Amino acid sequence: MKKRIKKVLMILVSILKWEKKIPIVSIKEPNKLLDGKVALITGGSGGIGMAIAKKFIDSGSSVILAGTNVKKLNGCIEKLGKQAKAIVINMNDSSSFGDKIVEAASFFGKIDIFVNCHGVHTNRKGFNLLNVTEDDYDKVMNINLRGTYFICQNVAKYMVQNHVKGHILIISSQSAIEPSWSPYRLSKYGECGLISGFAQVLLPYGIIVNGLGPGPTATGMQDECFNGSIYTKDNPIERYTMPDEVAEYAKLLVSDLGNTVVGDTLYMSGGRGIIDKR
């Protein structure tokens, strides 16, 4: 009798068992990878942020650029067209993040993608461990690490509460894999832990978190990049990474093609810190 009951129960379990099915991902055309998506990009008026915004729009997405310089943001919006909006977000004011995300979502009705692209550096001329001040440290860590932590946390809350199976991409730096004697390197090292930690917690909600770590890139942060040359002695390939190159990888990582990359950081180092011993 017990064997018969057990058999019946096993049959019932097999009948009632829910089989999880996931549709096969097909590769879309490059200009449709982000079709219908909406992306919020902090640091959106900077060199890398602007390149990412343009690439996303070209791939079918609408974008919301976040920054603190209203004039610069408006100039970017004029260049990008009707698929772009702007919002002021002060990365030192974490208490405003929740409301700012709700406001940003109201522009196009949602946020599917968040790209954390803001960041500051110290004045690097003559800069070394022995002359780092508390002000230097606090300025960099508050924006690059504390600001990143809490803006990503608030985006995650928005996505979870609104059942958005989205992507969070943190633009880190190749500096994260170098010895952390400077506040900037330390902030980027900390972002690596944040990326894997947030990925672990948010994956069950269908939210994919990754990082992208460019090496020296031809933006305004590189004072020595001038006269149309992208030569640099700071990496083995002896040239700067271009913002468009970073944007291409960002597009891939926040598309469905990036869904099997989880909690990782892709470094575009030009070999620096990888094949050399710096």
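**Helix packing and a pocket**

Helices α4 and α5 are oblique to each other, because their angle of about 55° falls outside the ranges that count as roughly parallel, antiparallel or perpendicular. The structure is a predicted model. This briefing covers three helix pairs and one pocket. Helix α5 takes part in two of the pairs, with α4 and with α6.

**α4 with α5**

- Helix α4 spans residues 97–108, and its axis lies 9 Å from that of α5.
- The crossing of α4 past α5 is right-handed.
- On the α4 side, the contact is made by Phe97, Gly98, Ile101 and Ala105.
- On the α5 side, the contact residues are Gly147, Phe150, Ile151, Asn154, Val155 and Tyr158.
- Seven nonpolar and three polar residues form the contact of α4 with α5, with no charged residues.

**α5 with α6**

- Helix α5 (residues 134–161) packs against helix α6 (residues 183–202) at an angle of about 15°, and their axes are 9 Å apart.
- Angles under 35 degrees count as roughly parallel, so α5 is roughly parallel to α6.
- The crossing of α5 past α6 is right-handed.
- From α5, the residues that meet α6 are Asp136, Tyr137, Val140, Met141, Asn144, Leu145, Thr148, Tyr149, Cys152, Gln153 and Ala156.
- From α6, their partners are Pro183, Tyr184, Leu186, Ser187, Lys188, Gly190, Glu191, Leu194, Phe198 and Leu202.
- The contact of α5 with α6 holds 13 nonpolar, five polar and three charged residues.

**α2 with α7**

- Helix α2 (residues 47–58) and helix α7 (residues 243–254) cross at roughly 55°, and their axes come within 8 Å.
- That angle makes α2 oblique to α7.
- Helix α2 passes α7 in a right-handed crossing.
- Gly47, Ile48, Ala51, Ile52, Lys55 and Phe56 are the α2 residues that meet α7.
- In α7, the residues met are Pro243, Asp244, Val246, Ala247, Glu248, Ala250, Lys251 and Val254.
- The contact of α2 with α7 comprises nine nonpolar residues, one polar residue and four charged residues.

**Second largest pocket**

- The volume of the second largest pocket is about 590 Å³.
- Its lining consists of 21 residues.
- Ile22, Lys165, Gly206, Asp256 and Asn259 are the lining residues nearest the pocket centre.
- By class, the lining of the second largest pocket has 11 nonpolar, five polar and five charged residues.

How values were computed. Residues numbered from 1 in each chain as written. Predicted model: local features only at pLDDT ≥ 70, side-chain atom pairs only at ≥ 80, totals over all residues. Heavy atoms only, no water. 1 Å grid on protein atoms, 1.4 Å probe; cavity = no way out; pocket = protein on both sides within 12 Å on 5 of 7 lines; lining within 4 Å. Points joined across faces, edges and corners; volume = space filled by probe spheres on them. Nonpolar A, V, L, I, M, F, W, Y, C, P; charged D, E, K, R; others polar. Axes fitted to C-alpha atoms, helices over the stretch in contact; angles between N-to-C directions. Helix = DSSP H or I, 4+ residues; strand = E, 2+ residues; numbered from the N terminus. Parallel < 35°, antiparallel > 145°, perpendicular 65-115°, else oblique. Left-handed = near helix turned anticlockwise from the far one by under 90°. Contact = heavy atoms within 4.5 Å.
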